[in-house]
Amino acid sequence: MKREVRALSFEQLRTYREQGYLVLRNVFAEKEAEVMQVECDRLLTLPDYTNPYNVRAGQSVTRTAR
């Protein structure tokens, strides 16, 4: 399936620069999103991704001095 590739608008670029992220709707087909969700769920069961000292686990890390 071929898709049209479009450049970001000036508004989208401004939003990205100001907020640090950009929400793009309908970039992926529903089936593609489902496949990615299943893979993300699988990855979050792996110890490397669920270690509390790994920022990717979504937790902030505060280390105490010894």
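In the predicted model, Glu39 is partly exposed, with a relative accessibility of 34%. Its salt-bridge partner is Arg42, and the closest N and O atoms of the two residues are 2.7 Å apart. Arg42 is likewise classed as partly exposed, at a relative accessibility of 41%. Both residues belong to helix H2, which spans residues 30-43. Glu39 and Arg42 are separated by 3 residues along this helix, a spacing of about one turn.

The pair in helix H2 belongs to a total of 3 salt bridges in the structure. Side chains of opposite charge can pair when their charged atoms come close. In helix H1, Arg14 takes part in a network of salt bridges that also includes Glu11 and Glu18. The contact between the side chains of Glu11 and Arg14 has an N to O distance of 2.3 Å. These two residues lie 3 places apart in helix H1, which covers residues 10-19, and this offset corresponds to about one turn of the helix. On the other side of the network, the side chains of Glu18 and Arg14 meet at 2.7 Å, again taken from N to O. Here the offset within helix H1 is 4 residues, also about one turn.

The members of this network were further examined for solvent accessibility. Arg14, the residue that pairs with Glu11 and with Glu18, has a relative accessible area of 36% and is partly exposed. Glu11 is also partly exposed, its relative accessible area being 44%. Glu18, by contrast, is exposed, with a value of 57%; this assignment follows because the threshold for exposed residues is over 50% relative accessible area.

Helix H1 also contains Thr15. With a relative accessibility of 18%, Thr15 counts as buried, because the limit for this class is under 20%. When neighbours within four places in sequence are set aside, the contacts of Thr15 are with Gly20, Tyr21 and Leu22. Across the chain as a whole, 3% of the 66 residues are buried.

At the level of secondary structure, the chain comprises 3 helices and 0 strands, and its order along the sequence is α-α-α. The loop between H1 and H2 contains Asn26. The phi angle of Asn26 is near 60°, a positive value in a residue that is not glycine. Most residues other than glycine have a negative phi. Asn26 is exposed, at a relative accessibility of 79%.

The surface was also considered with respect to its nonpolar content. The accessible surface of the chain amounts to about 6,800 Å², and carbon and sulfur atoms account for 55% of this area. A nonpolar patch of about 420 Å² is formed on the surface by Leu8, Leu24, Val27, Phe28 and Met36. Among these residues, Met36 is situated in helix H2, the helix that also holds Glu39 and Arg42. The relative accessible area of Met36 is 35%, which places this residue in the partly exposed class.

Note on methods: Residues numbered from 1 in each chain as written. Predicted model: local features only at pLDDT ≥ 70, side-chain atom pairs only at ≥ 80, totals over all residues. Heavy atoms only, no water. Salt bridge = Lys/Arg side-chain N within 4 Å of Asp/Glu carboxyl O. Buried < 20%, exposed > 50% of the residue type's maximum accessible area, 1.4 Å probe, protein only. Areas by Shrake-Rupley, 256 points an atom, 1.4 Å probe, with all protein chains shown as cover. Patch = residues over 30% accessible without salt bridge, like charges linked within 9 Å, V, L, I, M, F, W, Y side chains within 5 Å. Contact = heavy atoms within 4.5 Å.
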